[in-house]
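The following exchange examines how certain structural terms are assigned. Each answer sets a computed value against its definition.

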Amino acid sequence: MNMPPIVSPQEWEAARERLLVKEKELTRERDALAAERRRMPRVALEKQYRFEGPNGPARLADLFEGRRQLVVYRFFFEPGVGGWPEKGCPGCSFVADQVAHLAHLNARDTTLVFASRAPQPEIERLKARMGWEIPWYTITDDFDADFGVDEWHGTNAFLRDGDKIFRTYFVNNRGDEAMGSTWAYLDLTALGRQEEWEDSPEGNPQTPPYQWWRRHDEYADAA
């Protein structure tokens, strides 16, 4: 291997400071991109999509679990996937393994769910084997084809306003690599992190940063 040079602590710190300038630029660019997402036009959903969940049939509106925002990750788990029915897509499984505790997303009025073509018994068995607790639904109609995930994987964001549901954003391919953290999912949504420092459209809900954060078992007490 052609390794980088060995330097003194002072030289190492100077090199780190030079990279830190670029890292801060990247952070600001990422924030600016998320601000643009919050200003994206949205598409009103006209079709009534149906799913099968652990508690039986469910509409897309039910997947919100009463919250205002919904993020749906299409997990590639169905006949034809390598290792079916014992295994799901390795890349999708990688994503599932790095999903943060859902209480933090829920505290920002956002629900994350997975959706696949696999029947519920197979989904429940895989969840139990892998130790995943993410709500996971079976696609029963054209949802995957209509939202760019009829093959492989992808992450769709939706916003609910009363009885109306809107599609607000979508990422797939390497865009899914960044998914997993609470911040990555919130930055994908129309309402964002909902913190006062964000550049958001007028009227978006915002609260001071840090103050809403809790340990994942403390949100009920805060409410």
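A disulfide is a pair of cysteine sulfur atoms within 2.5 Å. The model is predicted: local features need pLDDT of at least 70, side-chain atom pairs count only at pLDDT 80 or more, and totals for chains, interfaces and linings use all residues. Residues are numbered from 1 along each chain as its sequence is written, and side-chain values use heavy atoms, with hydrogens and water left out.

Q: How many disulfides does a search of the whole structure find?
A: The search returns zero disulfides.

Q: Why is Cys89 in no disulfide?
A: The nearest cysteine sulfur, that of Cys92, is 3.5 Å away; the definition requires the two sulfur atoms to be within 2.5 Å, so Cys89 is in no disulfide.

Q: Why is Cys89 called buried?
A: Buried means under 20% relative accessible area, exposed over 50%, and partly exposed in between (1.4 Å probe, protein chains only). Cys89 has a relative accessible area of 5%, and therefore counts as buried.

Q: What makes Cys92 buried?
A: Its relative accessibility is 0%, so Cys92 meets the criterion.

Q: How do you know that strands E2 and E3 pair?
A: Strands (E, at least two residues) are DSSP runs, numbered from the N terminus, and two strands pair if DSSP finds at least two bridges between them. E2 (residues 50-53) and E3 (residues 56-59) have four bridges in the antiparallel sense, and therefore pair. Gly53 has Gly56 in E3 as its bridge partner.

Q: Why do E2 and E6 count as paired?
A: E2 and E6 (residues 136-139) have two antiparallel bridges, so the requirement of at least two is met. In E6, Thr138 is the bridge partner of Glu52.
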